[in-house]
Amino acid sequence: MQIRSGITMKASLKAMQEVIMPAIDPENSMALEQAQMIIGLLTLLNDRRDLQTAYDIDALRRCITLGTELLAYDNKEQLRADISAAQFAIEGASAIETTLTQHIAILNSHISTIAGQLCAKSDEENSAARRLILKASAEQNIRERSWLLMQGWEPQPENIPDISALLFDIPTKGEAYD
């Protein structure tokens, strides 16, 4: 049995298209719809597989940037330590998918806590921080929409940039990370 995701994904997609779909009764519209949905999802996963790590690194960098900017509003040592750990995770061999997603979750938790605390303060005290959070949210929204663009949900897909244009350049080993 093949365990490489690329080969497994392609084999599953081929089986769905060439074996399962033709075997479904054309009168069974629900089964056809579900099979088409599976084919669409497998196609999306297969097409985005090579970009997944770059996408996660980009997401983590965005969390690091926002977390660093929010230190001015809530200078907690734990947030500072978690930002440092996340920066280390991006460097070199430790940039594996589970490590990246764990650091994204940790920083998002800090950011959510700070955002909640900002809601209790007056507008004058937190308007700059709110703008930072809203800007980061808008960027994340467009990244998510671009990631799923091939599914056909966007009413004006020509207005959504390709996902590769939205990802930060991924430095090679040895390059500085800011």
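What follows is a short conversation about how to read this predicted model.

Reader: Before I look at any feature, what should I know about the model and its numbering?

Author: Residues are numbered from 1 along each chain as its sequence is written. The model is predicted, so local features need pLDDT of at least 70, side-chain atom pairs count only at pLDDT 80 or more, and totals for chains, interfaces and linings use all residues, while side-chain values use heavy atoms, with hydrogens and water left out.

Reader: What is the mean pLDDT of the protein chain?

Author: First the term: pLDDT is the predictor's confidence in each residue, from 0 to 100. Here the chain has a mean of 83, and 87% of its residues reach 70 or more. Watch residues 170–178, though, where the pLDDT is below 50. Beyond near neighbours in sequence, that stretch has 12 contacts in the model, a contact being heavy atoms within 4.5 Å.

Reader: How many helices and strands does the protein chain have?

Author: Both are read from DSSP runs, numbered from the N terminus: H or I over at least four residues for a helix, E over at least two for a strand. In this chain that gives 7 helices and 0 strands, so the pattern along the sequence reads α-α-α-α-α-α-α. As for contacts with a separation of 6 or more, 65% of them are between residues 24 or more positions apart.

Reader: How do I read burial, and what share of the residues counts as buried?

Author: Go by relative accessible area: buried is under 20%, exposed is over 50%, and partly exposed is in between (1.4 Å probe, protein chains only). Of the 178 residues here, 31% count as buried. Helix α3 is a nice case: 14 of its 19 residues are buried, so it is largely enclosed by the rest of the structure.

Reader: And which residues have the most contacts inside the largest nonpolar core?

Author: A nonpolar core is a set of buried Ala, Val, Leu, Ile, Met, Phe, Trp, Tyr and Cys residues joined through side-chain atoms within 4.5 Å. The largest one has 20 residues, and those with the most contacts inside it are L60, I64, L70, L79, I83, I90 and L107. Two or more residues each come from α3 (52–70), α4 (77–90), α5 (97–119) and α6, with α3 giving the most, 7 residues. Take L60: leaving aside neighbours within four places in sequence, L60 is in contact with A86, I90, L100, H103, I104 and L107. Another core lies apart from the largest one, with 8 residues, among them M9, I24, I39 and L42.

Reader: What should I compare a helix's length with, say for α6?

Author: Use the expected span, 1.5 Å times one less than the number of residues. α6 covers residues 123–147, has 25 residues and reaches 34 Å from its first C-alpha to its last, close to the expected 36 Å. For α3, with 19 residues, the reach is 27 Å, close to the 27 Å expected.

Reader: Where is the kink in α6 centred?

Author: The bend at a residue is the angle between axes fitted to the seven residues ending there and the seven starting there. In α6 there is a kink of about 30°, centred on A129. A129 is also one of the buried residues of this helix, alongside N126, I133, R143, S146 and W147.

Reader: Which residues do N126 and S146 touch?

Author: Skip neighbours up to four places away in sequence. N126, buried at 0% relative accessibility, is in contact with L118, C119 and K121. S146, buried at 1%, touches R48, I160, P161, D162, I163 and L166.

Reader: Is K135 buried or exposed, and what about Q140?

Author: K135 is exposed, at 52% relative accessibility, and the C-alpha atoms of K135 and L66 are separated by 9.5 Å, though 69 residues apart along the chain. Q140 is partly exposed at 28%; Q140 and R62 are 78 residues apart in sequence and 8.8 Å apart C-alpha to C-alpha.

Reader: Last one: how many disulfides are there?

Author: A disulfide is a covalent bond between the sulfur atoms of two cysteines. The rule used is a pair of cysteine sulfur atoms within 2.5 Å, and the count comes to 0. As for cysteines, C63 is buried at 8% relative accessibility, whereas C119 is exposed at 57%.
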